[in-house]
Amino acid sequence: MLHPEVDTDTTRAMHSVEGRTIIVTGSGQGVGRGVANHLAKAGANVVVAEWNAEKMRRTCDELTGLGARALGVEVDIMQRDQIEAMVERTVAEFGRVDGIINNAQTFRANAPVAEVETDDVEVFYRSGVLGTLWAMQAVYPHMKAAGWGRIVNFGSSMGRVGGAGFGAYNASKEAIRGLSRTAAREWAPDGIIVNVIAPAAAPPRAVGSEHYEEFMRTSPMGRNGDPELDIGPIAHFLCSDACRFVTGHTFMVDGGNFLWS
Ligand SMILES: NC(=O)c1ccc[n+]([C@@H]2O[C@H](COP(=O)([O-])OP(=O)(O)OC[C@H]3O[C@@H](n4cnc5c(N)ncnc54)[C@H](O)[C@@H]3O)[C@@H](O)[C@H]2O)c1
C-alpha cells in the first residue's frame, strides 16, 4: 500500500487512453476489431473505419454495447478523398483526433517473385502504403495543432524476414516501415509519435495453411495471438502518453516468434 500522499493519478493518466479519440481502420474483423474492442474497454472513443458496412456495424454495436462512444465510417482506404472525409467526420463528431491505427490492408493472392502480377502489387501498395500515407497526412494538421498525436502503422514479420511467396505483400509492408521511420523523425518535434506493429494473430482463413503450421511449430509460446488480448494492449500503449519517448520502432507482437529470424 503506497503512502496516501504519493501521486498515483499522474502515473495512471500516462497509461490511459480514456477520452482519447482513436481511428482504427479495418476494424470490422480480425486484428482491427480486437484492437477497437480493447481501446473501447479502456475508455477511448473509437472510430470504426471499414469498407464492409455490415462488419463495420457489427463492431460499432459491440462497442456501443459496452457503453463506449463509437462512430462507424464507411471508407475505402484506397481512396484518398474517402480517407480525408473519414478524418473530417471524426473531428466533427469528437472535436479531435488523438490517434490513428492504420491496420486495414486489401489482400491479394500471393505468388513467388518470378510470378508476381503487377495488378496485385498495385493493390497491396495502394491499400498499404498509399492508404497509410494519406491517413497520416490527413490527421497530421490536427495532431500538430494539438501538439500531441499517436500513429500506429502495420508491418509484418513476413516482410522483415523476406518470407518466400509473399513478394508483393512484403514490398508494401517494408515500405510502410520506411515511411513510419521517416514520419517519426519529421514529426517528433510536433509531439507526434509513430510506431509499427507486426502482429501474429492469424485469421481463421489462415489456420491449417502451410505458413500457419510453420508458425505454430516454431513459435516459442506455441500459440496464435489474440487480437484483443495480445495485440490490443500494445496498440493501447502506443496510443497513450506512456510511449512518449519511443518512436520509429517496429514492435514484433508475435509471442517471440521473431527470435527465429
Ligand atoms: N493476422 C496476422 O497474423 C497478421 C500478421 C502480419 C501482419 N498483419 C497485418 O495486420 C493487419 C490486420 O490483419 P488481419 O489479419 O486482421 O486482416 P483481415 O483481412 O482479417 O482484416 C482486414 C480488415 O480490413 C478491411 N479492409 C480491407 N481492405 C480495406 C479497404 N480498402 N478499406 C477499408 N477497409 C478494408 C477488411 O474488410 C477487414 O475488416 C493487416 O495490415 C495485416 O497485413 C496481420
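**Exercise 1.** How many nonpolar, polar and charged residues does the shell around the ligand have, by class?

*Solution.* The structure is a predicted model. Sorting the shell by class gives 14 nonpolar residues, nine polar ones and four charged ones. Altogether, 27 residues surround the ligand. The closest of these are Q29, E50, N103, Y169 and A201.

**Exercise 2.** Identify backbone atoms that lie within the 3.5 Å limit for a polar contact with the ligand, and state how far the protein covers the ligand.

*Solution.* Begin with the nitrogen atoms of the ligand. A polar backbone atom of I77 is 3.0 Å from a ligand nitrogen, and a backbone N or O atom of V75 lies 3.4 Å from a ligand nitrogen. Next, turn to oxygen: a backbone N or O atom of A202 is found 3.3 Å from an oxygen atom of the ligand. Finally, consider the area. The ligand taken alone exposes 840 Å², of which the protein buries 92%. Two or more residues of the shell come from each of the elements α2 (30-41) and α7 (167-187).

**Exercise 3.** Determine whether C239 and C243 are bonded or unbonded as cysteines, and whether each is buried or exposed.

*Solution.* First, a search of the whole structure returns zero disulfides. For C239, the nearest cysteine sulfur belongs to C243, at 7.6 Å; for C243, the nearest is that of C239, likewise 7.6 Å away. A disulfide requires the two sulfur atoms to be within 2.5 Å, so this pair does not qualify. Then apply the limit for burial, under 20% relative accessible area. C239 has 2% and is therefore buried. C243, at 0%, is buried as well.

Note on methods
Residues numbered from 1 in each chain as written. Predicted model: local features only at pLDDT ≥ 70, side-chain atom pairs only at ≥ 80, totals over all residues. Heavy atoms only, no water. Buried < 20%, exposed > 50% of the residue type's maximum accessible area, 1.4 Å probe, protein only. Near = heavy atom within 4 Å. Polar contact = N/O pair within 3.5 Å; in protein donor to acceptor, adjacent residues only side chain to side chain. Areas by Shrake-Rupley, 256 points an atom, 1.4 Å probe, with all protein chains shown as cover. Helix = DSSP H or I, 4+ residues; strand = E, 2+ residues; numbered from the N terminus. Nonpolar A, V, L, I, M, F, W, Y, C, P; charged D, E, K, R; others polar.
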